[in-house]
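Me: I would like to learn how to read the features of a structural model. Could we proceed feature by feature?

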Amino acid sequence: ELRRALVHIEYAYRDLGKRAEKGAPTLQEALQKVRQELDTLSALALDPGQQNRIEGMRKVVEGRFAATEESHPGNPAESLGALGPLRSLIIDFQVRQIALLQERQFENEARIVAFNKTLRLTQLIIGVSVVFLLAMILLNLRTRSRADRALHYAALEIKDLYDKAPAGYFSVDASIVLTSINETLLRWLGY
């Protein structure tokens, strides 16, 4: 938008040159076009510094037109010569605008690079954390499996001790029903 407005000012300047060659009254028309384009530029300004430069340009343009109209009334070719500084102001503004846009683009690219580095670091941390958690889960499962096996072997050993004890053992529940008898007692009773 901003560049388009600057291009419109450039076209207005060229149009003014063509009209001056034909001898048409151009000063007021050119002033009106430039005012419109400066209003457009002012609306598109990206920051207060640009706004101040545009207002400064507006004052210079108004002053140049007023001085040209006083010194060369009714002579469009002479008034065109006074617009040279306006063209240099427009070019200067374009150069500043491009430099500002390049600076912002560089800052944005630097932010993107920093963000990408942070993102990669975060992904790496998450990946390492996931691997660590999986390793801890696997270690816990192995430890549990070992404990379960040890408990099973201990239960088998206790059962073996119970069954092969040199004395006869039996167990009953609350209603005096036999729940278990060891092998020694069964052998003594003939079973």
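The dialogue below takes up the core, the salt bridges and a surface patch of this predicted model.

Me: Let us begin with the interior. Which residues make up the largest nonpolar core?

Reply: A nonpolar core is read as a set of buried nonpolar residues joined through side-chain atoms within 4.5 Å. Here the largest such core has five residues, namely Leu38, Leu41, Ile54, Met57 and Val61. Helices H2 (27-44) and H3 are the elements that give two or more residues to this core, and H3 gives the most, with three.

Me: Is isoleucine 54 buried or exposed?

Reply: Burial is judged by relative accessible area, and under 20% a residue is called buried. Isoleucine 54 counts as buried because its relative accessibility is 0%. This residue lies in helix H3, which spans residues 48-71. The C-alpha atom of isoleucine 54 is separated by 6.9 Å from that of leucine 38, although the two residues are 16 apart along the chain. Both residues belong to the five-residue core.

Me: Next, the charged side chains. How many salt bridges does the structure hold?

Reply: A salt bridge is read from the distance between a side-chain nitrogen of Lys or Arg and a carboxyl oxygen of Asp or Glu, with a cut-off of 4 Å. The structure holds two. In one of them, lysine 159 pairs with aspartate 163, and the closest N and O atoms are 3.3 Å apart. Aspartate 160 forms a salt bridge with lysine 164, where the closest N and O atoms are 3.2 Å apart.

Me: Where do lysine 159 and aspartate 163 lie?

Reply: Both are in helix H5, at a spacing of four residues, or about one turn of the helix. Their exposure is read partner by partner: lysine 159 is partly exposed, at 47% relative accessible area, whereas aspartate 163 is buried, at 9%.

Me: What is the exposure of aspartate 160 and of lysine 164?

Reply: Aspartate 160 is partly exposed, with a relative accessible area of 38%. Lysine 164 counts as exposed, since its relative accessibility is 60% and the cut-off for that class is over 50%.

Me: Finally, which residues form a nonpolar patch on the surface?

Reply: For such a patch, one looks for accessible nonpolar side chains that are joined within 5 Å. In this model, Ile126, Val130, Leu134, Ile137 and Leu141 form one, and together they have about 480 Å² of accessible area. Isoleucine 126, one of these residues, is placed in helix H5, which covers residues 84-163.

Methods:
Residues are numbered from 1 along each chain as its sequence is written. This is a predicted model: local features need pLDDT of at least 70, side-chain atom pairs count only at pLDDT 80 or more; totals for chains, interfaces and linings use all residues. Side-chain values use heavy atoms; hydrogens and water are left out. Patches are made of residues with over 30% relative accessible area and no salt bridge: like charges are joined within 9 Å, nonpolar side chains (Val, Leu, Ile, Met, Phe, Trp, Tyr) within 5 Å. Accessible areas come from the Shrake-Rupley method with a 1.4 Å probe; for residues, only the protein chains shown count as cover. Buried means under 20% relative accessible area, exposed over 50%, partly exposed in between (1.4 Å probe, protein chains only).
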